[in-house]
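Let's take a walk through this one together, sheets before cavities. Have the sequence and the 3D view open side by side.

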Amino acid sequence: MTKTIDNFRLQVLANHCTAAAEAMGYTLMRTAYSTFVKETEDFSAQLLTPSGKTFASPKTFGATWYTGLDYGRVIAMFDDYREGDIYLTNDPYSGHVATHTPDMHVWKPVFRDGTLVCFVGSHIHNTDMGGAVPASLSRTLTEVHQEGLRIPPMLLMRDGVIDEKLLRIMQVNVRMPDQNHGDLNAQIAALNVGERKVHEIIDRFGVEEFMQGAEAILDYAEQQTRALIRDIPDGEYEFSEYADEDSVGGYPCRIHITLRIRGDELELDFTGSDPQVASSLNVPTGGDGHHSVITVGLVYVMHTLAPRNVLNAGSVRPMHAVLPEGSVVNPQAPAAVGMRSLMAAVIQACTFGVFSQALPDRLPACPAGGSTLLNVKTATREGRQVLSSIGPCGGGAGGGPAFDGVEGCGANNAFLKNTPVEINEAEVPIEIIRYGLVPDTGGAGRFRGGNAATMEFKLLAPNGVVTARNRNRSELAAWGVVGGKAGANSRFIKNPDTEQSEELRNTDLVNCAPGDIIRLQGPAGGGYGHPYERPIEDVLEDVRCGFVSRQRAREAYGVVVRDDLTIDEAATGDLRRGESGNPDHFDYGPGRAHFESIWTKGRYDAMTRIMAALPISWRHFIKHQMFAALAGTTPPEDDGAADINRLYEQLSQRYADLPSLSEIRGSCLQ
């Protein structure tokens, strides 16, 4: 007879399971070869139910994106699991667990007395999986085939024996085979540790209580999430967020979310988001309405509202996402997907924005997003080839209802750790010139946005290639809320402060000669609340700490700071008395304000409705034709939807394979 686990014992079991996942993570981190795993910590470790749902994962390290990871679709591909088996995949289109080729996922069944009690799983981001460019990923790539070796779900180890043929295929297709092999061995070690820890838990609780408890842990997380949703006002809310470019030198790429709250359930409808793009920004979800990359923004929101709540796959059960087929959030193969992490950050920011309208007094302004992941491919003096991550460089968190944004990191970028300067210079022939914060970049507000980070380094060897994955926010800033101002944009410069200075903007692949200098400045977080509401003493402290200059204190906060770092109270009073008005909920900054003066909501909605009715192969092309036609035009007097219809009629007459506007209206626009 099955017995119910009391809450006290369930919490003890949950703690043991989390500790087991953390032991896996520590093993992986301490035995990995690549800097990106052992320093930046782009990895995950999970305990999974027999159906593949994550019920335990590390809390304080590793990649927090994978809290709700579901291995179900790849687990179901096999029906002959045996003790000691290990399986792997990195193919974004086979089971939709891996989401780009560098992410190697492995999983292992755990048996007790012949019963499959759970799986243990892990993923790491390999620095390189081969393909057209060093580190495998670039906005320039247009097909998944260009993004490196793809391994569909398959058996890696049986009866303690690794498939050496598979390893050989991997080794001859990647640029740093020893590094990849070492990282894979670290993953295998982590799985073995997880298996051993599960048996220790079962020794204490028994098989039945362990398996029942795993499901109860998921149920408990679901109950907590439903209680949170019930506190959010029922209704329908809309928000849009953009990547700067949908392709190299392209146009902004929109994510649009309609949030529907009904009681203790919610829906995230992505209808109105851009079609799949002819670059690598696509997010391969397979249409899964609970996909971890789609729901991670929701997980962050729920954690902000209730930091003590349990987080696992049960946390996202009360929600469902609508992911239109052929869109940037549900592309068809062979669309490139390597830069899905850039769009994932945009999805998260869009999620934050739509929830900010529902809960303006409880959620912060937009975090910086656009954290750039830097890799350098070069050679040592002895001729040894080097390809290594030198860490992320991003910006701060958004200011919140009661706190300033964290400087240089935080919010949805917080799980990516920086690599110490000493490690970078020891592993790669570069010289770090500067690594720190950039004053005056955080969005002004009652609670200030976190400032941006900057990194500047010199290449010391010839034939260097710098890859800068996820370059974004050069044009469209992180927004402020309830009177707070947008954060500063990012910058990417080759050979700054010289006659050869080159603004690289969102370029993510840079060839370098010895002596070339790269300077990267991340974006910054948005501010919360009107800047003139910030206490004068807090502004003075910012100036003294170097976060805000005296000039910005005057211009943005209305605070006049003398040369001796004291306040001119009379001048400050005069400035602050001159401010009035009720600001909009969002401040997007000048880049987005200009963009949306041309591309109004009416125009963009009309365009996405038309594109949804077109063959997928035409959609990105038609979007670019429309953007080119409207470039530099004056803002429309109405919402501009009629302009889009006229443009499409012209295009359908030019290209015979396109349906007419009347045909589209008849089939899809009723």
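Start with the open sheet of five strands, whose order runs β14-β15-β21-β18-β19 with antiparallel pairing. Keep in mind as you look that this is a predicted model. At the edges of the sheet you'll find β14 (430–438) and β19 (502–503); each has a single partner strand, so one side of each is left without a neighbour in the sheet. Zoom in on the β19 end: strand β18 (residues 491–494) runs antiparallel to β19, and two bridges join them. If you want a residue pair to click on there, take I493, whose bridge partner in β19 is E503.

Now swing over to another sheet. This open one has four strands, in the order β13-β12-β16-β20, and again the pairing is antiparallel. Its edge strands are β13 (385–393) and β20 (509–512), each of which pairs on one side only. Going from one strand to the next, the twist averages 20°. Have a look at how β20 is held in the sheet: β16 and β20 pair in the antiparallel sense over four bridges. Here G464 is the residue to pick, with C512 as its bridge partner in β20.

With the strands in mind, turn to the empty spaces. How many cavities of 30 Å³ or more does a search of the whole structure find? There are five.

Let's begin with the second largest, as it brings us back to strands we've just met. This cavity has a volume of about 90 Å³, and β12 (372–379) and β16 (464–469) each supply at least two residues of its lining. The residues around it are F36, H125, T127, A135, L137, L373, N375, S389, T467 and R469. By class, they divide into four nonpolar, five polar and one charged.

And the largest cavity? Its volume is about 210 Å³. It is lined by 21 residues, and those closest to its centre are W65, S341, F415, L416 and N470. Which element gives the largest share of this lining? That's helix α8 (residues 340–358), with four residues. As for chemical character, the lining of the largest cavity is a mix: eight nonpolar, nine polar and four charged residues.

Notes:
Residues numbered from 1 in each chain as written. Predicted model: local features only at pLDDT ≥ 70, side-chain atom pairs only at ≥ 80, totals over all residues. Heavy atoms only, no water. 1 Å grid on protein atoms, 1.4 Å probe; cavity = no way out; pocket = protein on both sides within 12 Å on 5 of 7 lines; lining within 4 Å. Points joined across faces, edges and corners; volume = space filled by probe spheres on them. Nonpolar A, V, L, I, M, F, W, Y, C, P; charged D, E, K, R; others polar. Pairing = 2+ DSSP bridges. Axes fitted to C-alpha atoms, helices over the stretch in contact; angles between N-to-C directions.
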